[in-house]
Amino acid sequence: MATREIAGVTVEIDENGYMTDHTAWTKAIAEAFAKEEGIDELTDRHYIVIDFMRKEYEENGTGPSIRKLNKQSGVNTKELYQLFPGGPAKKAALIAGIPKPQGCV
Amino acid sequence: MSENEPIKRVSLVCSKGGLDEVYPSLIMANGARMEGIEASIFFTFFGLNAIVKKTHKNLKVATVGNAALNLAMPMLKMPITMPFPTLIGAIPGVSNFATWLMKNEMEKLDVPPVDEFLEMCDDAGVEIYACKMTVDMFKLTIDDFVPQVKGIMTVGEFYEKSAGAQIIFT
């Protein structure tokens, strides 16, 4: 298993760079990942998405689809794309410390 | 274009209007946006059914002359190799049943119905256009289309819009 250093700690990552143990995640890690992805500051709106993704992952073992995010997280699709430009589900999962979502929608 | 350069833009052409013929374009366009790829869909010929207000919620799976329907047999707990006789497909209600079956399976996979999918694509930044020539042929106007349709374009404008994009015809 590969590891990397982020926000001053060493975490395990998969081949795509996503954290393999979401319990090792901290807000400091989220902020460091966000900066790497070109998001300078994580706002409350970002954290609504991040918290929802982590909760979904804990309950279902996989991140939510964009459709589910739109309907249930409180952040709609349009805003989601603004918050995480260039691939919301992928980027939000990375920042939330969960594996890359597997769905096609 | 160099060999491993990531795709930046895709331009999809949806020329057919069966439920199973429209979903691929919607899934590919939305999937592109999920990957940060710019995407547009140009609906033409019978594909226009998918964006006309009066028809877009009622797209059907064709059960006549569809020799590939055997693939759907496992949905009915039958072997994938079993052919689906086109004469049975002609019985009233059979196409509706096949359509219902597919919609049901799609819902299980969290794939939205066409009307919701068009909204989702639009919210995700997919640009949706109708083809001028077929709009004229079918005697349609911009008012006949769902609000997500950005405009009616000629084939020339479509190619202009598609500059730098991969064009995918379905």
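Buried area is the accessible area, taken with a 1.4 Å probe, that two parts lose on being put together, summed over both. With that in hand, let's look at two contacts in this predicted model: the one between chain A and chain B, and the one between the two domains of chain B.

**Where chain A meets chain B**

Putting chain A and chain B together buries about 1400 Å², and carbon and sulfur atoms give 54% of that area. On the chain A side, the residues that lose the most area to chain B are Arg67(A), Tyr81(A) and Val105(A), which together make up 51% of what that side buries. The contact draws on 16 residues of chain A and 18 residues of chain B.

Charged partners feature here too: the count between the chains is five salt bridges. Arg67(A), already met among the residues that lose the most area, forms a salt bridge with Asp110(B), with 3.3 Å between the closest N and O atoms. Six residue pairs are in polar contact across this interface, both residues of each pair being at pLDDT 80 or more.

Which elements of chain A give two or more residues to the side that touches chain B? They are helix 3 (66–73), helix 4 (77–83) and helix 5 (88–96) of chain A. Helix 3 of chain A supplies the largest share, four residues. Sorted by class, this side of chain A has six nonpolar, five polar and five charged residues.

**Inside chain B: two domains**

The domain assignment splits chain B into domain 1 (7–57 + 114–170) and domain 2 (59–112). Their C-alpha centres lie 25 Å apart, and the contact takes 15 residues from domain 1 of chain B and nine residues from domain 2 of chain B.

In domain 1 of chain B, Leu19(B), Asp20(B) and Tyr23(B) lose the most area to domain 2 of chain B, together 53% of what that side buries. Helix 1 (19–34) and helix 4 (114–123) of chain B each bring at least two residues to this side of domain 1. By class, that side has seven nonpolar, five polar and three charged residues.

**The two contacts in a table**

| Contact | Buried area | Share from carbon and sulfur | Salt bridges | Residue pairs in polar contact (both at pLDDT 80 or more) |
|---|---|---|---|---|
| Chain A and chain B | about 1400 Å² | 54% | five salt bridges | six residue pairs |
| Domain 1 and domain 2 of chain B | about 980 Å² | 71% | zero salt bridges | two residue pairs |

Methods
Residues are numbered from 1 along each chain as its sequence is written. Chains are lettered from A and ligands numbered from 1 in the order in which they are written. This is a predicted model: local features need pLDDT of at least 70, side-chain atom pairs count only at pLDDT 80 or more; totals for chains, interfaces and linings use all residues. Side-chain values use heavy atoms; hydrogens and water are left out. Contact means heavy atoms within 4.5 Å. A salt bridge is a side-chain nitrogen of Lys or Arg within 4 Å of a carboxyl oxygen of Asp or Glu. A polar contact is a pair of N or O atoms within 3.5 Å; within protein, one must be able to donate a hydrogen and the other to accept it, and residues adjacent in sequence count only if both atoms are side-chain atoms. Ala, Val, Leu, Ile, Met, Phe, Trp, Tyr, Cys and Pro count as nonpolar, Asp, Glu, Lys and Arg as charged, and the others, Gly among them, as polar. Domain bounds come from an automatic or database domain assignment.
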